[in-house]
Amino acid sequence: MSTSTTTIHDKQLGIFAEVKSTNHEQVVFCNDNASGLRAIIAIHNTVLGPGLGGTRMWNYATEAEALNDVLRLSRGMTYKAAISGLNLGGAKAVIIGDAKTDKSEALMRKFGRFVENLNGKYITAEDVGTTTKDMEYVKMETDSVAGLPESMGGGGDPSPVTAYGVYMGMKASAKKAYGSDSLAGKRISVQGIGKVGMHLVELMHAEGAIITVSDINDESLKHASAAYGTKVVSGNEIYSQDVDIFAPCALGAILNTENINALKCNIIAGAANNQLADEDEHGNMIKQKGFLYAPDFLVNAGGLINVYSEVIGYNRENAMRDTEKIYDTTLNIYSVAETQNIHTQQAATMLAQKRIDDILSVRSTY
Ligand code: NAD
């Protein structure tokens, strides 16, 4: 081995190995000493279109944690866009820092300039730790931004559209399990009645469902009881309710071995991202238990569909109509999973990857 090769090996940081293993197209590190900006933009796949994904601002303990998060989240966006039939790729950005104390107009605008440098390959939006106000600052430096307030021609709060998509996935699941998609008289438990969960409760209540909820916010619980007659349970009790449908709308990774063993339901359909603690282990466990699991990245895609509508010229009716298609896609995924004897998350990922491969092949000739 030559001396120079040894030197390169010795100095390897492992970043390329990580990016290679997730098959990302491009990862951009952004630094600005004046504003204190430290950001990473990860573009996973742009076969279907520009990579769209929000910017998360988080006080990561280490840089490795930030890189890991942005790689994982951007890959997830590729599959969410693909399964939803959108002409969008997958990307995401993270800003390292405390959203309460480290954010400034200069920092967000500098970030906007880095996004602009990518010439439309990445479109950003708000996420955990960033707001529509931050996106207004980003917009001052680039047009590659969505998730703007309605007053600026944006789509506003995506949560009602996300809730509608979850509702569609839930109804399709009921159709599969019971032969009818009516939720009238169905017992449904909801973990987390925040922006999405509360809209979902409203839709289910209007159809005559009997609803049990849990949340850590007393105000939300009081509102849901008064407006929709919901029963309230606390903490882990939500997992063991004797219900038809369980809707996780708060935290990720709650479908772990212990909680799945506690569940007494036929269907799991909710808005929370990354519900399966371990995709394969718990996807298979749910399958073996005979529960229908509506893949999270499909049924919670209404928010992304809303943002996409903003990119092509915002129209809430179009966004709702496109979100309604989650019903048919959910049924298709159940059918593919059954025919191929695989778990539903696997079926959804497979169909998303197939769409990417098909379109790649369409574009293989001039
Ligand atoms: P939110 O913060 O408005 O609501 C979350 C709710 O969960 C809050 O009311 C919170 O008090 C509650 N909660 C937190 N910890 C809890 C616990 N241990 N037990 C019970 N409740 C708890 O967020 P949201 O916008 O409604 O999003 C909900 C989930 O859906 C998140 O996982 C989010 O990533 C995902 N999601 C949201 C959208 C969207 O359009 N908002 C789109 C896609 C996915």
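Of the 19 residues around the ligand, which come nearest? Keep in mind that you are looking at a predicted model. In this model, Thr162, Lys195, Val196, Asp215 and Asn273 are the residues that come nearest to the ligand.

Let's take a few of the contacts one at a time. Start with threonine 162: an N or O atom in its side chain sits 2.7 Å from an oxygen atom of the ligand. Valine 196 uses its backbone instead, with a polar atom there 2.8 Å from a ligand oxygen. Serine 159 offers a polar side-chain atom, which lies 3.5 Å from a nitrogen atom of the ligand.

Now step back and look at the ligand as a whole. On its own it has 830 Å² of accessible area, and the protein covers 72% of that. Two elements give two or more residues each to the surrounding shell: helix H6, spanning 159-178, and helix H7, spanning 195-206. As for chemical character, the shell is made up of nine nonpolar residues, eight polar ones and two charged ones.

Next, zoom out to the domains. Domain 1 consists of residues 24-74 and 88-152, while domain 2 covers 159-354. Their C-alpha centres are 28 Å apart. Where the two domains meet, seven residues of domain 1 are in contact with six residues of domain 2.

How can we describe the size of such a meeting place? It is often given as the accessible area lost when the parts come together. Between domain 1 and domain 2, about 590 Å² is buried, and carbon and sulfur atoms give 69% of this area. On the domain 1 side, Leu52, Leu88 and Ala146 lose the most area to domain 2, together accounting for 53% of what that side buries.

How values were computed
Residues numbered from 1 in each chain as written. Predicted model: local features only at pLDDT ≥ 70, side-chain atom pairs only at ≥ 80, totals over all residues. Heavy atoms only, no water. Near = heavy atom within 4 Å. Polar contact = N/O pair within 3.5 Å; in protein donor to acceptor, adjacent residues only side chain to side chain. Areas by Shrake-Rupley, 256 points an atom, 1.4 Å probe, with all protein chains shown as cover. Helix = DSSP H or I, 4+ residues; strand = E, 2+ residues; numbered from the N terminus. Nonpolar A, V, L, I, M, F, W, Y, C, P; charged D, E, K, R; others polar. Domains from an automatic or database assignment. Contact = heavy atoms within 4.5 Å. Buried area = accessible area lost by both parts, 1.4 Å probe.
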